[in-house]
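Me: I'm new to protein structures and would like a close look at one sheet and whatever it helps to line. Please take it step by step and explain each term as you use it.

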Amino acid sequence: MVGKLIAVLAINMACHSMPVVSSSSSGYSYASITRLAFVPSSSRSCNRYKSEYNNNKINYLLSSSYLRSSQPDKGDLYSDDELFELLNLHETINPPEKGLFSSGGDNNSNSNGEINEESVIFGGIHDWVLDTLNDDKATTNNGIGILGDKIEDEDNSYTLNEQKVTNLQTLLSERKPSITSIATDIDGTLLAGQYLHPTTEEAVVKAINYADKLPDKHFFPATGKSRRGAIDSLGPKLGPLVSSCPGVYIQGLYCVDANGNVVYEQKLSTSAIKAAEQLVKANDISIVGYDGDDLYSTKLTDIVVHLSEFYGEPTVKLIEKENDNIPLSEHEPGLHKLLLMDDDVDKLAKIRIELEKLANQHDATVTQALPTMLELLPAGCSKANGVQKMCEHLGIDPASQLLALGDAENDAGMLELASIGIAVGNACLRAKEVANFIMDERHDEGGAGIAMNLFGFP
């Protein structure tokens with residue numbers, strides 16, 4: 001398979017400190033060695049292939065019998081930069097499952113582990129791009145078709161919608177160069193529980209360091225977490241870096257600049273909090289109120305404690321006044337949002353219907369990031385609204401300059417707002433429906449990191 005050959009050749013060069021052919025290489029170009037050079041999107045690819053190429057004659061693949069010139073009338077349709085992005089994209093979404101040199105019956109090799117010439121000689125790059133795009137992969141919306149978007153013709157056969165191919169080129173060649181800022185969700189996007197994939201960690205560090213050097217570049221989290229919870233959950237390496245970034249926290253209700261100064265915030269009405277507490281009491285579920293980095297509850301149930309122990313939020317405190325427990329509605333100076341929580345997902349789904357009615361009556365709105373948690377926010381507020389406010393503060397036009405990454409229902413508005421909205425592989429249907437691109441990789445496979453490397457800063 002093409003992707004396998006490309007990756008193996010690149011690993012041979014990358015892991016042996018040989019010059020790797022890229023869009024900026026001076027010795028070669030994609031026109032002269034059509035699709036035989038590829039830079040892997042992560043160190044994971046490098047590790048995957050080391051065991052597959054050792055003791056094999058990769059240099060033979062670079063001999064003249066395996067090199068061919070591209071067809072000028074087709075290869076010239078793409079610039080070197082565009083081809084480099086497309087090759088990166090192909091490897092990102094179609095990671096090879098088996099090496100070319102395995103002896104387990106790979107169709108591209110014979111019993112001696114040698115490459116069959118017919119498996120290496122291909123048509124022009126334009127044809128390969130179309131073949132790549134014809135892979136049966138995810139579909140996308142928002143006018144940006146990526147992979148597997150097929151239409152049924154009159155003969156009931158399926159063909160690639162070539163307009164989507166044009167849209168892919170638009171995404172990579174026209175939208176990406178304008179990206180100046182990255183906004184990303186944390187839980188379910190950067191983090192898989194408490195796990196942070198090395199590829200994602202590396203990509204975030206790279207993005208923050210890059211933004212620090214240039215005044216017009218920005219990286220910021222956009223999360224339902226508190227600021228303290230977000231910083232702590234990202235660990236000792238990323239946490240301190242993120243603490244020096246602007247941030248959209250508590251579902252866009254608490255937005256701060258790089259120095260921690262509040263640039264926008266909004267709180268729930270007292271009537272909304274009272275009504276929610278009555279609903280919680282009637283259904284015997286748990287509740288937590290957010291006031292900046294302070295979290296409060298009226299009862300420290302297991303799921304309330306789990307919020308701090310598992311998700312890294314600040315320790316939830318019992319809300320008290322003069323040593324007596326009081327309702328959340330009496331807390332001053334008010335609360336940004338409420339979490340209504342229960343481990344019974346079906347029960348919570350039914351409660352959501354009642355919570356939606358309550359929200360409509362008390363100038364509030366409902367969203368959800370996790371199946372076990374419902375969130376009550378002030379009306380008109382959302383993560384997308386917070387991102388918009390942050391973009392205004394930073395002087396960013398999100399429609400042309402923002403890359404956003406997410407996985408959940410509460411991320412959908414942010415993905416729609418951005419010039420490039422990315423849903424990781426584990427994203428919910430709503431997030432995937434509005435995303436410009438759906439990663440094949442999940443959060444625990446480095447999907448967010450790969451996306452940032454592909455669509456983000458240089």
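Reply: Happy to! Helices here are DSSP runs of H or I with at least four residues, strands are runs of E with at least two, and both are numbered from the N terminus. This is a predicted model, so local features need pLDDT of at least 70 and side-chain atom pairs count only at pLDDT 80 or more, while totals for chains, interfaces and linings use all residues. Residues are numbered from 1 along each chain as its sequence is written, and side-chain values use heavy atoms, without hydrogens or water.

Let's begin with the whole chain. It holds 18 helices and 20 strands. Of its 458 residues, 55% count as buried (under 20% relative accessible area with a 1.4 Å probe on protein chains only; exposed is over 50%, partly exposed in between). Among contacts (heavy atoms within 4.5 Å) with a separation of 6 or more, 66% join residues 24 or more positions apart.

Now to the sheet. Six strands make up an open sheet, and following their order takes you through β12-β11-β10-β15-β17-β16, with mixed pairing (two strands pair if DSSP finds at least two bridges between them). The edges are β12 (317–318) and β16 (364–370), each of which pairs on one side only.

Start at the β12 edge. Strands β11 and β12 run parallel and are joined by two bridges. Find Ser297, and you will see that its bridge partner in β12 is Leu318. Moving on, β11 (residues 294–297) pairs with β10 in the antiparallel sense, over three bridges. In that pairing, Tyr290 has Leu295 of β11 as its bridge partner. The two strands β10 and β11 form a hairpin with two residues between them, and Gly292 in this turn has a positive phi of about 60°.

Then look at the other edge. Here β16 meets β17 (residues 373–378), and five bridges hold this antiparallel pair. As one point to find on screen, Ala364 stands opposite Pro378 in β17.

With the strands in place, which elements give two or more residues to the lining of the second largest pocket? A pocket is an open set of points on a 1 Å grid over the protein atoms alone, with protein on both sides within 12 Å along at least five of seven lines; a cavity is a set where a 1.4 Å probe fits but cannot get out, and lining residues have an atom within 4 Å of a point. Points are joined across faces, edges and corners, and the volume is the space filled by probe spheres set on them.

The second largest pocket has about 350 Å³ of space. It is lined by 15 residues, and the closest to its centre are Val280, Asp284, Ile285, Ser286 and Lys299. The elements you were looking for are α11 (270–283), β10 (286–291) and α12 (302–309). Of these, α11 gives the most, with three residues. So β10 belongs both to the sheet and to this lining. By class, the pocket lining splits into seven charged, four polar and four nonpolar residues (nonpolar: Ala, Val, Leu, Ile, Met, Phe, Trp, Tyr, Cys, Pro; charged: Asp, Glu, Lys, Arg; polar: the others, Gly among them).

Next come the enclosed spaces. There are seven cavities of 30 Å³ or more, and the largest cavity has about 210 Å³ of space. Its lining is made by 21 residues, with Asp187, Gly224, Ala369, Leu370 and Glu375 the closest to its centre. Three strands of the sheet come back here: β15 (337–341), β16 and β17 each supply at least two lining residues. Nine residues of this lining are charged, eight are nonpolar and four are polar.

To finish, here are two residues to find for practice. Val263 lies in strand β9 (residues 262–265) and is partly exposed, with a relative accessible area of 31%. Leaving aside its neighbours within four places in sequence, Val263 touches Cys255, Val256, Asp257, Met390 and His393. Its C-alpha atom is 9.8 Å from that of Val248, which is 15 residues away along the chain. Asn385 sits in helix α14 (residues 383–394) and is buried, with a relative accessible area of 18%. With neighbours within four places again left aside, Asn385 is in contact with Tyr264 and Gly380.
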